[in-house]
Every structure is written in structure tokens, then in C-alpha cells.
Amino acid sequence: MKALQDLDILVLTARLGSLSAAARQLDLTPAATSAALKRIENELGVALFVRSTRSLKLTDEGERFLSHCAEALALLKSGAEAARSNQSQFAGPLRLSLPSDLGRRTLLPWLDEFQDAHPQLTLQLQFSDRLFDLYQAGSDLSLRYGEPEDSNLVALPLAPRNRRLLVAAPSYIARCGQPGDPSELADHNCLSFHLDDYRHDRWTFHRDGEALTIKVRGNRSADDGEVVHRWALAGRGIAYKSHLDVAEDVAAGRLVRLCSDWQGELAPLNLICADRRQLSPRIQSLRQYLAERCQARLAQGDGDE
């Protein structure tokens with residue numbers, strides 16, 4: 001479908017800032033991608049990009065038009081999927097954005113199983129802990145902890161009662177001991193997560209109606225959740241991780257839960273999309289599949305209270 005492909009090219013080119021890079025990712029020639037952009041500009045009668053020798057940048061008109069592409073893409077893809085539904089309910093591409101740690105260690109094998117059950121489904125995965133616009137990122141769906149800041153997005157719960165756990169490797173505990181209470185974290189090396197100007201170094205715990213927030217310190221911080229996980233496994237310090245991320249390690253004894261009489265913060269996992277019209281039968285099936293596996297994973301311990 002030419003209109004759908006042209007809009008996909010526009011969105012991907014805007015995200016990558018390069019016509020040739022978009023062409024490579026879509027397996028098209030630069031001439032074909034350039035022609036698609038010219039068709040849209042000719043139809044609108046405005047320039048959508050400022051072109052230089054090295055990159056493309058959206059004009060003000062291009063920024064405004066791009067903000068409306070989400071609804072247009074959702075409608076076109078919904079119509080195309082409905083037209084193909086008699087042939088195969090689970091055929092075609094599915095583009096997902098996943099958190100780095102949960103995505104690589106947990107979701108990737110689950111998605112492999114889902115695709116094995118539906119071999120005509122094509123998966124396109126992005127791994128990142130950053131929050132971004134679904135369509136500028138070129139994704140149909142995103143799995144993220146917490147509620148989206150954009151109220152226009154649709155968040156479908158996968159693990160609404162998932163919590164953070166305080167964990168450390170046996171080697172760290174043997175070397176440094178373990179806190180008997182969260183207030184003792186000040187005496188320990190804590191591994192924190194940061195993203196741009198945000199740093200998750202205030203850890204909150206609950207017990208019997210009491211809330212306790214501790215500002216932690218440590219000699220390591222990363223903008224990638226998987227890196228923090230690896231440091232914890234290596235005995236480099238104490239981590240405050242989602243139960244979904246560490247359930248297998250706790251069950252296997254590679255990590256030990258600390259201060260277990262305190263509850264960590266809620267870290268609900270949601271499947272996020274831009275429009276409810278995207279919730280086709282295959283997406284609902286994927287949601288149910290992932291929710292069931294999340295619940296089974298949370299049964300490995302008591303982090304889903």
C-alpha cells in the first residue's frame with residue numbers, strides 16, 4: 001500500500017535524520033525513499049524537511065504533520081490488517097520497543113516462543129530504557145515500567161503489582177554483610193540507574209503503613225538496566241531491581257533478597273500503544289501470552305504482592 005509505505009518512510013527518516021539510513025533499514029533504494037517524501041510534500045504543498053549534505057531536519061510544518069501521522073498509520077494498518085485477517089490472523093510485521101534488561105533476559109525468549117507458534121509473524125525489536133514517541137521511534141508497541149507520561153497513550157497492564165526488590169550477590173554479602181533495615185543502606189555500595197538528568201538514587205520502601213525513602217550512594221551508575229543487573233550478579237553492590245528482572249536469579253540463589261520484611265516500590269509493567277484501534281486480535285493474544293508469563297515469573301518469590 002503506497003500511502004502506508006510513504007508514511008512509514010517519513011516517520012523513519014525523521015527518526016534517523018538520514019534518507020539513506022531509512023532506505024537501508026527498509027531495504028529500499030535512496031531514490032525510492034526520496035520519491036516517497038516528495039510525493040507527500042507535493043500532496044501537502046509544503047516542505048517537510050530541510051536538507052543538508054549530511055542530514056535531514058524536520059521543518060516546523062514537518063513537525064506538525066508528523067504529530068498527526070500516528071492516527072493515520074493506525075487507521076491504515078488497522079484496515080490493512082482487517083483485509084488480511086481471513087488469510088492469517090498473525091501474519092505481518094510487529095515492531096516492539098523493550099526495556100534493555102527485561103527485554104534481553106526475559107522477554108526475548110518469550111517472544112521467540114510466540115513467533116514459533118505464529119511463524120508468519122515478523123518481529124522487529126528495539127532495546128532501550130529511554131522513553132520516546134512510539135511513531136518517531138518506528139515502533140507499534142512499547143513495553144515499559146510505570147504509567148506513560150503522555151495521557152493520550154493506551155497502557156494495557158501486564159504485571160500491575162510487580163515491585164522492586166532489594167538484592168545483592170552472595171559474594172557481596174560475604175564481603176560486606178547485608179543491611180538489616182533499609183536505613184542501613186547508607187553503609188553499603190548501591191548500584192543506581194540514571195537517564196539524562198534523572199537518577200534513581202532515592203529508594204522507597206513500605207511496611208505496615210510506614211513509608212521510608214533512602215537516598216543511596218555508590219561508586220557505579222548506568223543508563224542501562226542490564227548493566228546494573230550484571231554488576232549486582234558480579235557482587236559489585238546492592239541493586240534495587242524489578243522483581244521481573246531478577247526472579248530467576250533469586251530463585252537460583254545467584255542473588256539474595258534483602259530486607260524482605262519491607263515492600264519495594266510498585267513497578268507495574270504495561271504494554272503501551274498509541275491508539276486502541278491497534279488492539280487487533282493478534283495484539284490481544286500477545287498481551288494475554290505475556291501477562292500469563294509475567295504472572296508465572298512473579299510466582300518465583302513474593303514480589304507481586
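1. In this predicted model, helix H3 is followed by Gly45, whose phi is positive, near 80°. Helices (H or I, at least four residues) and strands (E, at least two) are DSSP runs, numbered from the N terminus. Residue numbers start from 1 along each chain as its sequence is written, local features need pLDDT of at least 70, and side-chain values use heavy atoms, with hydrogens and water left out.

2. Helix H3 covers residues 30-44, which makes 15 residues. From its first C-alpha to its last it reaches 21 Å, close to the 21 Å expected at 1.5 Å a residue (the expected span is 1.5 Å times one less than the number of residues).

3. The buried residues of H3 (under 20% relative accessible area, 1.4 Å probe, protein chains only) are Thr33, Ser34, Ala36, Leu37, Ile40 and Glu41. Seen down the helix axis, they fall within an arc of 155°, so they line one face of H3; the arc is that of the directions from the axis to the C-beta atoms. The face turned away from this buried side carries Ala31, Asn42 and Glu43, which are exposed (over 50%).

4. An α-helix has 3.6 residues a turn, so residues three or four places apart point the same way.

5. Which strand supplies the largest share of the lining of the largest cavity? Strand S7 does, with three residues. Strands S7 (164-168) and S15 (263-264) each supply at least two lining residues. On a 1 Å grid over the protein atoms alone, a cavity is a set of points where a 1.4 Å probe fits but cannot get out, and lining residues have an atom within 4 Å of a point.
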